[in-house]
Amino acid sequence: MPVPQYPQSSMLRDRLLHLQEDAIAAGSVSPVLRPVVRESWERAIRGAIDPDRALPRVDLDEDAFRDYRAAHALAPVMPVIRRLLVEGADESGLVVAIGDAHGRLLWVEGDAGLRRRAEDMLFVAGADWSEASVGTSAPGTALALDRAVQIRGAEHYNRIVHPWSCTAAPVHDPATGEMLGVIDITGTDLAVAPHALSLVSATVAAVEAELRIARLESAVKSTLRRSRVRAVAPPKPLPTPLTVLGEQRPRIGATELSPRHAEILTLLAWHPRGLGAERLAALLSERDVSPVTVRAELVRLRRVLEAVGEPPLESRPYRLAREVDLDASAVAALLARGSLRRAAERYTGPVLPASTAPGIVEIREELASRLRESMLSDAAPDLLAAYADRDENRQDADVWRALLGVLPPRSPRRASVVAHLERLEAAQR
């Protein structure tokens with residue numbers, strides 16, 4: 001018999017040879033151990049496992065084990081395993097075992113006579129059949145290597161298991177790849193027949209597919225539950241409109257505002273983080289206005305807003321308690337997104353055109369300038385023509401020159417644009 005050369009220590013080599021000679025004498029192991037078996041035996045020897053006395057541990061009491069098993073990720077797919085493996089095992093003389101990722105057996109089912117025999121070696125639910133506990137076995141070694149394994153007779157490290165053969169494969173979470181457990185069939189040589197490995201592998205594939213479907217169904221149900229919650233939740237109220245563009249009287253909602261109240265609300269809406277009394281006073285007038293005067297005006301404005309149920313005012317700093325839909329801010333947001341046509345439609349004129357408050361003048365000029373720059377650079381001919389016809393742009397020669405530049409050569413509008421430009425240039429002479 002050829003003696004294989006092992007790179008391990010002499011003690012390990014001697015122990016392996018002794019175990020191999022005993023297994024060969026039993027007639028179920030070839031003269032040269034398969035690498036998967038030899039490497040598993042080496043791990044068992046290094047772990048100081050006694051091949052004659054090692055028995056699996058049972059470290060959970062009955063109630064704790066029952067709760068643990070019921071909560072395990074493989075519990076919901078047991079009907080699939082029973083349909084594919086256990087029903088056939090009852091007739092073919094096989095035991096089917098399902099273990100967790102640590103090697104603890106959770107279910108042991110199948111041929112009743114074989115299960116009673118297997119109890120003699122503690123091959124029962126709750127027992128630890130990991131390599132670290134009993135050495136080489138299909139379920140323990142499959143978990144250690146993370147692949148399907150077949151172990152025949154005396155290839156088991158533990159001599160009490162030599163009358164048995166087994167095939168096992170690990171099960172993984174299809175979403176994360178995490179190892180969930182192992183599926184094993186144990187019995188006579190039928191348990192390591194070529195078709196046994198195919199059968200176990202096909203069962204693992206079916207179990208992982210069932211887990212994937214269950215995860216998808218759970219995600220769909222969760223989405224539907226969230227949708228139902230959103231459907232019954234009261235809709236968020238729309239912000240109150242604050243209209244300050246153009247010549248029309250400024251108003252909040254349907255309530256008309258005095259010029260001063262319109263200025264204050266516009267400034268607070270444009271500066272949503274709030275303004276202190278002194279800063280607000282400076283934005284309302286170039287003259288030195290006492291913060292006390294501003295506070296008094298804010299008291300009157302608060303009463304107006306409370307009377308019509310509009311957003312209340314907060315202080316320190318002064319700000320609006322709820323968002324409002326300031327039409328000037330809406331135009332600025334549309335310009336920022338590049339929605340020039342919608343911005344031009346929403347822009348009905350300058351911000352509070354009659355106001356001389358420094359803060360309002362600044363907002364008015366900033367918004368008008370941003371719109372003008374966008375028009376000069378990006379506007380289509382029809383949009384630029386409508387913009388040029390507005391009262392505030394009739395004297396803007398740059399706008400009319402830009403319009404002339406984008407009009408098609410045969411546009412009937414070109415003649416009137418040229419005539420208008422000539423009048424503007426004549427007025428400048």
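User: Before we start, what counts as a helix or a strand here?

Analyst: Happy to help with this predicted model. Helices and strands are both DSSP runs, numbered from the N terminus. A strand (E) needs at least two residues, while a helix (H or I) needs at least four residues.

User: Thanks! How many helices and strands does the chain have?

Analyst: Both kinds of element are present in this chain. The count comes to 17 helices and 11 strands.

User: Is strand β1 mostly covered or mostly open, and how many of its residues are buried?

Analyst: Buried means under 20% relative accessible area. On one side of β1, Leu 94, Val 96, Ile 98 and Asp 100 are buried, and so are Val 95, Ala 97 and Gly 99, which point the other way. The strand, residues 94–100, is thus mostly covered, with a buried count of seven of seven.

User: Which strand forms a hairpin with β1?

Analyst: β1 has antiparallel pairing with β5 (residues 179–187) over seven bridges, and Leu 94 is opposite Gly 187 there. Another antiparallel partner is joined to β1 by five bridges, with Val 95 facing Gly 110. Four residues link the two arms of the hairpin, including Gly 103, whose phi is positive at about 100°, and the partner is β2.

User: Which strands are the edges of the open four-stranded sheet?

Analyst: The order in this mixed sheet is β8-β7-β6-β11. Strand β6 runs parallel to β11, joined by three bridges, and Leu 242 sits opposite Leu 326. An edge strand pairs on one side only, and the two that do so are β8 (255–256) and β11 (324–326).

Methods:
Residues are numbered from 1 along each chain as its sequence is written. This is a predicted model: local features need pLDDT of at least 70, side-chain atom pairs count only at pLDDT 80 or more; totals for chains, interfaces and linings use all residues. Side-chain values use heavy atoms; hydrogens and water are left out. Two strands pair if DSSP finds at least two bridges between them. Buried means under 20% relative accessible area, exposed over 50%, partly exposed in between (1.4 Å probe, protein chains only).
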